[in-house]
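User: Got a minute to go through this one with me? I'd like quick answers.

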Amino acid sequence: MMPGRTIPLLVLLFGNLLALDALASVLPDDRSDVLYHRYEGGGVVIDGPSVLVRKKATKNLSVVGNYYVDYVSSASIDVVTTASPYDEERTQWSLGADYLRGNTTLRVNYVSSEESDYDASTAAFSVSQDMFGQLTTLTLSYAYGDDVVGRSDDETFERTLKRQQYGIGLTQILTKNLITSLNIQTTTEEGYLNNPYRSVRFLDPNVDRGFSFEGELYPNTRTSNAVGIRARYFLPWRAAIEGEYRYFIDTWDIESNTVSLSYIQPWRNFTFKLKARYHDQTAAHFYSDLFPRSEATNFRGRDKELSPLQSYAFTLKGTYEFIDQNKGWGMFKKASVTAAIDMLRFEYEDFRDLRVAAPVGEEPLYTMDSNVIQVFVSFWY
Amino acid sequence: MRIDKVFAVIATLTLAVAVSGCSNVEPWVKPYERDNLADPIMALDSDPVYSSYLQHVYEAREGAKGGEGAAGGGCGCN
């Protein structure tokens, strides 16, 4: 989509909203979270802390900050078949503010992420308007990202990537037990979209194993559109059920459907959540597991993330509220500790496991099982 | 592009609502009927620090993104 056409529409939409009226809105609760995360799967271990602090500076202004670290230890299938295992650290911090005026909330946020070979910064702005007695919330958002891509083995290598994201979100209360949301997001990316370390495989009769590798070459632009809908329903025995669906399509011909179903059950001071998620996608038009020859196509890639795949996930999450929200304790209104595990399985339809000796193109298809563990403590004040 | 059309339709609909004097629209779920909706189990994103990390995990391993909120840059996924 051409940004030049979208922006006037966003301005028109926002202008319309200012003509509408509603009851008073509120800022997010003051809270802090201290989290430990660990991802393990496919030869990769990523863990580290994340700390989030949100506090009202005035009755109309809430500020939020987040500090987050990834410690990466990778011997993934991509690394062991074409490169060397490595360790790395990624540090990310963000600062943001919410300003409430009447029924309108303005949000700004800045995110900075640093790795030894990748720097990313994103500035985001959004405006939300509550309408119709707070039954409806409409949000318009815009984000601009500026990345610098490097290579750890080549200090002179430096490429840029610019990203713009436009979004519309609508949250709608439909009945006294049902809340729904709709999110539409368009992202345009321009610049170096390759992973500089990854290679494509092509048939090569001049070597014993029958294939060789060469560098990937991606298009320099990508535009993607995503539409997500979600509905959460309050059940008669004080529990909740949620359904979610997302449709995604982009100019690289990736098309995907993602669905999930959640069940939330409180019991005494505990809250339990079960969630099942399914994702299915088609391949990018320039993806191939095995090209017929070197430089066979204008663009070429063998990133398994761009291959046709299905992923399955199952979540178990438990929260214990150790400072009851009806009693409080000192300056704290409420506090809880949460542990969650997400069990993921990725099944690739056209990405073969080259660690297994087999005739070229007949290696077994790769599958990957991963676990994501998160443990965190939350305080409301 | 189809997203252009969606933006245009939403803008047109809100304009139509605005000029038709919609400030008199009566909330069909009254404030005193919102006990269930105010229950913490009905929060669409009760733990932002948890959900943003999980979103990042998926975005690094699948070809799709968006439609759920925003996540930070970088990858650490090779």
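**Working notes**

Analyst: Asp253(A) is partly exposed, because 14 other C-beta atoms lie within 10 Å. This is a predicted model.

User: Where does Asp253(A) sit?

Analyst: Asp253(A) is in the loop between β13 (239–250) and β14 (255–267) of chain A. Its phi is positive, near 75°, and the residue is not glycine.

User: Why mention the sign?

Analyst: Most residues other than glycine have a negative phi. Glu295(A) is also not a glycine and has a positive phi of about 50°.

User: Which loop holds Glu295(A)? And is Glu295(A) buried or exposed?

Analyst: Glu295(A) lies between β15 (270–281) and β16 of chain A. Glu295(A) counts as exposed because it has 11 C-beta neighbours inside 10 Å.

User: Back up a bit. What is the secondary structure of chain A?

Analyst: Chain A has two helices and 18 strands. Buried residues make up 32% of its 381 residues. Of the contacts in chain A with a separation of 6 or more, 56% join residues 24 or more positions apart.

User: What about its dimensions?

Analyst: The C-alpha atoms of chain A fill a box of roughly 75 × 50 × 40 Å along the principal axes. The radius of gyration is 23 Å, which agrees with the value near 21 Å for a compact globule of 381 residues.

User: What is the mean pLDDT of chain A?

Analyst: The mean is 92, and 94% of the residues in chain A reach 70 or more. Over residues 1–23 of chain A, though, the pLDDT is below 50. That stretch still has 45 contacts in the model beyond near neighbours in sequence.

User: Now chain B. How many helices and strands does chain B have?

Analyst: Chain B has three helices and zero strands. The order from the N terminus is α-α-α. Of the 78 residues in chain B, 42% are buried.

User: Where is the largest nonpolar core, and which residues have the most contacts inside it?

Analyst: The largest nonpolar core has 23 residues, and Val49(B), Tyr50(B), Leu54(B) and Val57(B) have the most contacts inside it. Both chains feed it: β1 (31–41), β2 (44–58), β16 (309–323), β17 (334–352) and β18 (365–380) of chain A and α3 (48–61) of chain B each supply at least two residues. α3(B) gives the most, with six residues.

User: Any other core?

Analyst: A second, separate core has 14 residues, including Leu140(A), Phe248(A), Ala284(A) and Phe286(A).

User: Back to α3(B). What does it pack against?

Analyst: The buried residues of α3(B) pack against β1, β2, β17 and β18 of chain A. Among those buried residues are Val49(B), Tyr53(B), His56(B) and Arg61(B). α3(B) has 14 residues and reaches 20 Å from first to last C-alpha, close to the 20 Å expected.

User: Take Val49(B). Which residues is Val49(B) in contact with, beyond four places in sequence?

Analyst: Val49(B) is in contact with Asp33(A), Leu35(A), Ser50(A), Leu52(A) and Phe376(A).

User: Switching to the sheet. How do β6 and β7 of chain A pair?

Analyst: β6 (118–131) and β7 (136–151) of chain A pair in the antiparallel sense over 14 bridges. One bridge pairs Asp130(A) with Thr137(A) in β7(A). Four residues lie between the strands in this hairpin, where Phe132(A) takes a positive phi near 50°.

User: And what comes after β7(A)?

Analyst: β7(A) also runs antiparallel to β8 (154–175) of chain A, with 16 bridges. The hairpin joining β7(A) to β8(A) goes through two residues. Ala143(A) has Gln165(A) in β8(A) as its bridge partner.

User: Last one. Where is Gly191(A), and what does Gly191(A) touch?

Analyst: Gly191(A) is in β9 (178–191) of chain A. Leaving out residues up to four places away, Gly191(A) touches Arg159(A), Thr160(A), Leu161(A), Lys162(A) and Asn220(A). Gly191(A) counts as partly exposed because it has 17 C-beta neighbours inside 10 Å.

User: How far is Gly191(A) from Ser224(A)?

Analyst: Their C-alpha atoms are separated by 15 Å, and Gly191(A) and Ser224(A) are 33 residues apart along the chain.

Technical notes. Residues are numbered from 1 along each chain as its sequence is written. Chains are lettered from A and ligands numbered from 1 in the order in which they are written. This is a predicted model: local features need pLDDT of at least 70, side-chain atom pairs count only at pLDDT 80 or more; totals for chains, interfaces and linings use all residues. A nonpolar core is a set of buried Ala, Val, Leu, Ile, Met, Phe, Trp, Tyr and Cys residues joined through C-beta atoms within 7 Å. A residue is buried if 20 or more other C-beta atoms lie within 10 Å of its own, exposed if 12 or fewer, and partly exposed in between; C-beta atoms are placed from the backbone. Two residues are in contact if their C-beta atoms, placed from the backbone, lie within 7 Å. Two strands pair if DSSP finds at least two bridges between them. The expected span of a helix is 1.5 Å times one less than its number of residues. pLDDT is the predictor's confidence in each residue, from 0 to 100. The radius of gyration is taken over C-alpha atoms; the globule rule is 2.2 Å times the number of residues to the power 0.38.
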